[in-house]
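Got your viewer open? Let's walk through this one stop by stop, with a selection to make at each.

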Number of protein chains: 2
Amino acid sequence: MPTNRQILLDNRPEGEAVASNFKLVTTDTPALKDGEVLVRHHYLSLDPYMRGRMNESKSYAVPQPLGEVMIGGTVGEVVDSQHPKFKAGDQVVGMGGWQEYSVVDGNAPGMLRKVDTTHVPLSYYLGAVGMPGVTAWYGLTQIIEPKEGETVVVSAATGAVGSAYAALAKARGCRVVGIAGGPEKCKYAVDELGFDACIDYRQYPDVKTMAKALKDACPNGIDGYFENVGGYILDAVLLRTNAFARVAVCGMIAGYDGAPLPLQNPALILVNRLKVQGFIVSEHMELWPQALQELGTLVAQGKLKPRETIAQGIESAPEAFLGLLKGKNFGKQLVKLI
Amino acid sequence: MPTNRQILLDNRPEGEAVASNFKLVTTDTPALKDGEVLVRHHYLSLDPYMRGRMNESKSYAVPQPLGEVMIGGTVGEVVDSQHPKFKAGDQVVGMGGWQEYSVVDGNAPGMLRKVDTTHVPLSYYLGAVGMPGVTAWYGLTQIIEPKEGETVVVSAATGAVGSAYAALAKARGCRVVGIAGGPEKCKYAVDELGFDACIDYRQYPDVKTMAKALKDACPNGIDGYFENVGGYILDAVLLRTNAFARVAVCGMIAGYDGAPLPLQNPALILVNRLKVQGFIVSEHMELWPQALQELGTLVAQGKLKPRETIAQGIESAPEAFLGLLKGKNFGKQLVKLI
């Protein structure tokens with residue numbers, strides 16, 4: 001049995017999350033029982049939702065228990081199997097957590113899925129053709145429901161969700177405007193990801209200047225907005241919404257650390273007859289096959305070229321995660337474990 | 001030609017609206033041209049949306065021009081007609097404004113509608129079987145879409161919208177909880193309007209105490225909320241929403257005077273996967289016949305017994321309107337003009 005290194009949640013953050021909230025331990029992988037599969041993880045996915053789970057308080061997800069392996073999406077290869085559906089060498093995606101190996105019940109529905117890497121690199125199943133991609137797809141197609149020619153905006157534009165959003169929205173004939181941090185990300189958004197424009201929020205650090213930048217980038221107003229961030233950017237976007245605009249609320253990353261983030265002018269919801277809707281993509285599993293199909297096709301056609309930031313080794317996961325929360329990553333944040 | 005007394009918007013409010021924003025003038029009604037109808041108003045409707053129109057700034061409605069008759073719904077009787085569709089004695093509903101008479105183009109679609117007062121008193125066409133009733137109907141059936149057994153809440157519970165909302169929600173098998181100002185209104189809501197419970201917001205003047213009162217009144221949480229008020233009551237309601245609750249935003253009366261009213265915790269939209277949607281009922285005219293039919297039936301069956309507060313004479317309209325904005329009315333606020 002191989003040795004397994006794991007990252008546990010050791011204690012909960014008081015305010016901002018810090019590296020000492022986590023603990024690295026080494027264990028042996030247990031012997032497989034009937035029906036079980038041993039997976040060696042090649043990549044671990046780091047995602048903003050994990051910050052919410054670190055809190056004790058009520059969130060949209062059950063809190064991560066203390067002393068247990070941090071939850072997280074993984075891709076990897078079956079190294080041993082006591083289940084007829086899986087054999088050594090199978091490439092799989094699952095929720096293996098922050099560790100190098102996981103033992104999975106092959107009979108549990110949805111826990112382990114074989115994937116085809118002919119046209120889609122394995123790591124993409126954690127990003128563009130995985131949960132983040134489906135997240136973009138759900139918000140865009142099920143809440144924003146854009147019409148051709150409409151202007152749709154997304155924050156965290158160069159992230160895994162934002163890049164998929166751009167490709168999906170362009171495929172629907174929209175003007176797509178991103179918001180990202182720094183000139184390098186903004187240039188990348190326009191040059192490589194297909195955004196029609198991208199606003200560097202560091203240059204527009206308050207509602208007034210951001211609203212002006214949005215006015216310039218969205219001369220016909222905003223019809224749809226995919227919210228990954230929260231805070232003053234949302235306030236500024238609402239000021240530029242057209243009548244009957246739709247806002248899909250997927251993340252409020254700036255609020256996870258417990259700082260109150262009021263919405264300054266909710267009356268705009270009435271004034272502009274907005275629909276503002278929150279969602280969690282894991283509650284809509286019935287739509288994943290349809291979404292993954294479109295996302296995989298966009299990747300195979302070269303229309304969705306997501307960028308990845310890859311940290312090396314399980315021990316680097318906490319710092320990489322804290323960097324993600326501060327926007328230090330560029331594209332999908334992964335940890336390579338082999 | 002009869003003499004006509006009118007209330008004009010003389011100047012715009014700076015902060016709170018005051019009586020001196022209005023001016024009473026006396027004119028003669030003009031001679032009718034071909035196709036025109038002269039209506040004597042029996043009742044003028046006073047509604048919160050009028051406050052928004054008094055401002056210069058962008059609102060969901062075009063600002064009321066200075067020096068012109070205040071806009072407003074009216075019911076009355078045709079006294080002279082140069083239009084074949086209308087004759088003296090017809091009872092009609094229209095948008096005659098704050099004046100005793102109006103001259104209406106009988107050909108303009110939707111400007112004047114004959115009504116039947118066999119089962120429904122004339123004044124009700126300004127309330128339960130008029131715009132406020134349809135407003136309740138739209139928010140409840142098109143946005144909240146309640147299922148039997150769900151708990152739905154409404155602020156301004158004893159007003160024209162709130163009372164219709166209660167009857168419509170009870171007809172759908174919901175638990176209906178109101179929020180109103182003062183013990184008299186709350187007792188009336190439960191005894192006469194069919195609310196299962198009613199919370200006196202004066203006893204719960206902050207988010208924390210209101211959230212506690214809502215918890216007691218809504219032991220199974222809140223599935224739908226019809227927002228007439230805004231401010232801390234909305235903050236408290238959001239704290240008690242169930243997953244996938246729907247909030248129909250119809251009014252933000254507390255914010256009309258320009259005071260900023262932030263939403264304290266918009267992250268709840270994500271945490272509870274809420275849908276928060278604003279609407280203006282006049283943009284959905286295609287649904288009015290269906291709504292008016294149900295509302296008229298509820299009145300005829302005695303299941304919707306709205307209360308009215310009636311001021312006498314056009315000169316009383318400004319003070320009655322200012323009182324409405326402060327919640328001094330009890331039920332639908334009307335001005336009787338005959």
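**Stop one: where the chains meet**

Start by selecting Lys275(A): standing opposite it is Gln277(B), in strand 13 of chain B. (Strands here are DSSP runs of E with at least two residues, helices are DSSP runs of H or I with at least four, and both are numbered from the N terminus.)

Before moving on, some housekeeping: this is a predicted model, where local features need pLDDT of at least 70 and side-chain atom pairs count only at pLDDT 80 or more, while totals for chains, interfaces and linings use all residues. Residues are numbered from 1 along each chain as its sequence is written, chains are lettered from A and ligands numbered from 1 in the order in which they are written, and side-chain values use heavy atoms, with hydrogens and water left out.

Now show strand 13 (residues 275-278) of chain A along with strand 13 of chain B: the two run antiparallel and are joined by three bridges. Click Val276(A) and you'll find its bridge partner is Val276(B).

**Stop two: the whole sheet**

Zoom out and colour the strands. You should be able to trace an open sheet of 12 strands with mixed pairing, in the order 10(A)-9(A)-8(A)-11(A)-12(A)-13(A)-13(B)-12(B)-11(B)-8(B)-9(B)-10(B). Strands count as paired if DSSP finds at least two bridges between them. At the edges sit strand 10 (197-200) of chain A and strand 10 (197-200) of chain B, each pairing on one side only. From one strand to the next, the twist averages 15 degrees.

Next, select helix 3 (residues 160-171) of chain A, which packs on the sheet and touches strand 8 (151-155), strand 9 (175-180) and strand 11 (222-227) of chain A. Its direction makes about 170 degrees with that of strand 8 of chain A. (Axes are lines fitted to C-alpha atoms, for helices over the stretch in contact, and angles run from 0 to 180 degrees between N-to-C directions.) Then pick helix 4 (residues 183-191) of chain A, lying across strand 9 and strand 10 of chain A at about 170 degrees to strand 10.

**Stop three: the contact surface**

How many residues does each chain bring to the contact? Chain A gives 28 residues and chain B gives 28 residues, with contact meaning heavy atoms within 4.5 Å. Together they bury about 2,400 Å², 66% of it on carbon and sulfur atoms; that's accessible area (1.4 Å probe) lost when the two parts are put together, summed over both.

Display Glu283(B) and Arg273(A) as sticks: their side chains meet in a salt bridge, 2.3 Å from N to O. The term means a side-chain nitrogen of Lys or Arg within 4 Å of a carboxyl oxygen of Asp or Glu. Between chain B and chain A the count is two salt bridges.

**Stop four: away from the contact**

Over all chains, the structure holds 30 salt bridges. For one of them, select Glu315(A) and Arg5(A), whose closest N and O atoms are 3.1 Å apart. This pair links distant parts of the chain, 310 residues apart: Glu315(A) is in the loop between strand 14 (308-312) and helix 9 (317-325) of chain A, and Arg5(A) is in strand 1 (residues 3-9) of chain A.

Finish in chain B, where four bridges join strand 4 (residues 74-81) to the antiparallel strand 5 (residues 91-94).
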